[in-house]
Amino acid sequence: IASVMVGWALSKCPNFTSVLAVAGACICGLMWFGPEYLRIHVEWRTVSLAGMVLAYLSPMIWMRDTFDSSIPPLLMCFATGFILAVFAPLGAYSHPLFHVILIPYTFYVSKSAMNYEQSQESRLLGMDPEMSLEEGSCDEASSVSPSRWAPEGIEEIRLQVSDCWNTGDPKAHEYLVKDPEFGELPS
């Protein structure tokens, strides 16, 4: 389940996520109901799970426009965790340390997913994803034509950003949605 969720968060691609779900179901099915040698073979399970991890991390390479800075620390966490899980160089301490390695691993996966989501939102709004809100686009409005990102029936999404973006004032920004049935509605 985690592989499918992370695969979706890192790619937002339904086909890729479906492939991960089918692969995960096949691996689990073989581990539970497959031949006995697959049910008890630890190396096969380890390699299968490592392959799933690398598969769900792959969108960090093929779905990004620029280099994802989370890749090097994630690869270090993956390699360290793999060594600890497979070779147990620290004996009884290897397994608990493997789980400790999952803390920074989770941080960098989450950071990559959030950065990807932000870049998709910026692209939707026609903004430069590398530009911070403090650098520009204050007191400017941008309109977005309906696309695969917009809900069905929406003609236009309009975003007005004031120069008070970081004040915490709820009126600092206002979203207006033009719905063909109801006209322009503040949300």
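1. **A salt bridge to start with.** Glu117 and Lys12 join their side chains in a salt bridge, with N and O 3.1 Å apart. The pair ties together distant parts of the chain. Glu117 sits in helix α7, Lys12 in the loop between α1 and α2, and 105 residues separate them. Keep in mind that this is a predicted model.

2. **How covered are the two partners?** Both fall in the middle class. Glu117 has a relative accessible area of 30%, so it is partly exposed. Lys12 is partly exposed too, with a relative accessible area of 27%.

3. **The other bridge.** How many salt bridges does a search of the whole structure find? It finds two. Besides the pair above, Asp68 forms a salt bridge with Arg64. Here the closest N and O atoms are 3.5 Å apart. Are these partners buried or exposed? Asp68 has a relative accessible area of 7%, so it is buried. Arg64 stands at 15% relative accessibility and therefore also counts as buried. The cut-off for buried is under 20%.

4. **Overall layout.** The protein has seven helices and four strands. Read from the N terminus, the order is α-α-α-α-α-α-α-β-β-β-β. The chain holds 187 residues, and buried residues make up 27% of them. Take the contacts with a separation of 6 or more: 43% of them are between residues 24 or more positions apart. The accessible surface comes to about 12500 Å². Carbon and sulfur atoms own 65% of that surface.

5. **Helix α1 has a buried face.** α1 covers residues 2-11. Its buried residues are Ser3, Val6, Gly7, Leu10 and Ser11. Viewed down the axis of α1, they fall within an arc of 115 degrees, so they line one face of the helix. The spacing follows a general rule. An α-helix has 3.6 residues a turn, so residues three or four places apart point the same way.

6. **What that face packs against.** The buried residues of α1 pack against four helices. These are α2 (14-33), α4 (42-57), α5 (59-62) and α7. Thr17 offers a look at the α2 side, since it lies in that helix. With a relative accessible area of 11%, Thr17 is buried. Setting aside neighbours within four places in sequence, Thr17 contacts Val4, Gly7, Trp8 and Ser11. Gly7 and Ser11 are also among the buried residues of α1.

7. **Lys12 again, now its backbone.** Lys12 comes just after α1, in the loop between α1 and α2. Its phi is near 55 degrees, a positive value in a residue other than glycine. The residue that takes this backbone angle is also the partner of Glu117 in the salt bridge.

8. **A second positive phi.** Ala88 is not a glycine, yet it has a positive phi of about 45 degrees. Where does Ala88 lie? It is found in the loop between α6 and α7. At 35% relative accessibility, Ala88 counts as partly exposed.

9. **A nonpolar patch on the surface.** Which residues form the patch? They are Leu90, Tyr93, Leu97, Val100 and Ile103. Together they show about 520 Å² of accessible area. Leu90 belongs to the loop between α6 (71-87) and α7 (94-124). Its relative accessibility is 45%, so Leu90 counts as partly exposed. Ala88, with its positive phi, is found in that loop as well.

10. **α6 and a partner along the chain.** Leu75 lies in helix α6. At 47% relative accessibility, Leu75 counts as partly exposed. Tyr105 is 30 residues away along the chain, and the C-alpha atoms of the two are separated by 8.8 Å.

11. **Ser48 in α4.** Ser48 lies in helix α4, one of the helices that the buried residues of α1 pack against. Is Ser48 buried or exposed? At 15% relative accessibility, Ser48 counts as buried. What does its side chain reach? The side chain of Ser48 reaches the backbone oxygen of Trp44, at 2.8 Å.

Key. Residues numbered from 1 in each chain as written. Predicted model: local features only at pLDDT ≥ 70, side-chain atom pairs only at ≥ 80, totals over all residues. Heavy atoms only, no water. Patch = residues over 30% accessible without salt bridge, like charges linked within 9 Å, V, L, I, M, F, W, Y side chains within 5 Å. Areas by Shrake-Rupley, 256 points an atom, 1.4 Å probe, with all protein chains shown as cover. Salt bridge = Lys/Arg side-chain N within 4 Å of Asp/Glu carboxyl O. Helix = DSSP H or I, 4+ residues; strand = E, 2+ residues; numbered from the N terminus. Buried < 20%, exposed > 50% of the residue type's maximum accessible area, 1.4 Å probe, protein only. Contact = heavy atoms within 4.5 Å. Arc of directions from axis to C-beta. Polar contact = N/O pair within 3.5 Å; in protein donor to acceptor, adjacent residues only side chain to side chain.
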